[in-house]
Amino acid sequence: LDRFEVTVGRFRQFVAAYPAAKPVSGAAEHPLIAGSGWNSAWDAQLPADQAALKAKIKCSPMFTMWTDVAGANEHLPMNCVNWYTAFAFCAWDGGRLPTEAEWNYAAAGGSEQREYPWSIPPNSTMIDGSYAVWSCLGDGSLPTACALTDILKVGSKSPKGDGKWAQADLSGGMWEWTL
């Protein structure tokens with residue numbers, strides 16, 4: 001797993017290389033799971049060109065992190081990416097999506113089975129805003145309504161909220177895609 005979630009700025013490089021960044025058949029295969037690489041039948045699930053990709057990653061008028069021009073959102077986590085696009089990004093970036101078991105292993109601290117990524121048994125830490133971005137409290141305001149300001153920059157709770165192997169943002173923030 002990468003140490004940090006994919007930022008808008010990092011994803012911007014993929015968009016700039018698109019559609020040449022589309023994966024080839026077999027790309028990003030898990031080394032222990034035969035046939036888990038990119039399936040060319042999935043090509044139809046990807047946007048046809050850069051303009052279509054940009055339109056697709058603007059999924060929510062209130063919570064879209066993407067902007068067509070680099071700006072204040074470059075350090076925010078990328079959202080509005082479907083599984084196929086996430087897989088394609090990972091292949092282009094030289095990685096792969098983790099399996100759900102791999103992601104859970106990291107989040108639970110392996111055999112420690114931590115309640116939260118940062119907690120060390122037997123003294124589990126209750127969740128609060130100093131460890132993770134959660135429940136629309138990112139900007140410190142009451143959660144009467146979620147706003148873009150509730151989304152904090154990637155790694156903003158690091159190292160306090162990091163997991164056993166120093167991955168940040170394993171809890172709270174954005175949803176993660178797995179293989």
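**Aromatic rings and cysteines: a short tour**

Hi everyone, let's start with the rings: searching the whole structure turns up 16 aromatic pairs. Please keep in mind that this is a predicted model. One aromatic cluster brings together Phe11, Phe14, Tyr18, Phe89 and Trp92.

Two charged residues also meet ring faces. Arg12 places its charged end over the ring of Trp66, 4.2 Å from the ring's centre. Over at Tyr131, the face of the ring has Lys160 lying over it, at 4.6 Å from the ring centre.

Now to the cysteines. How many disulfides does a search of the whole structure find? The search finds one, and it joins Cys59 to Cys80, with an S to S distance of 1.9 Å. For anyone who likes torsions, the one about this S-S bond is about -55°, so the disulfide is left-handed. Both partners, Cys59 and Cys80, sit in the loop between α2 (50-56) and α3 (83-92), so the bond ties together parts that are 21 residues apart in sequence.

Are these two cysteines buried or exposed? Cys59 is partly exposed, at 49% relative accessible area, while Cys80 counts as buried, with 16% relative accessibility.

That leaves Cys90, and you may ask why the sulfur of Cys90 has no bond to the one in Cys80. The closest cysteine sulfur to that of Cys90 is indeed the one in Cys80, but it is 17 Å away, which is too far for a bond, because a disulfide needs the two sulfur atoms within 2.5 Å. Cys90 also counts as buried, at 15% relative accessibility.

Thanks for listening, and I'm happy to go back to any of these sites on the screen.

How values were computed
Residues numbered from 1 in each chain as written. Predicted model: local features only at pLDDT ≥ 70, side-chain atom pairs only at ≥ 80, totals over all residues. Heavy atoms only, no water. Helix = DSSP H or I, 4+ residues; strand = E, 2+ residues; numbered from the N terminus. Buried < 20%, exposed > 50% of the residue type's maximum accessible area, 1.4 Å probe, protein only. Phe/Tyr/Trp six-rings, centres within 6.5 Å; stacked < 30°, edge-to-face > 60°. Lys NZ or Arg CZ within 6 Å of the ring centre and 35° of its normal.
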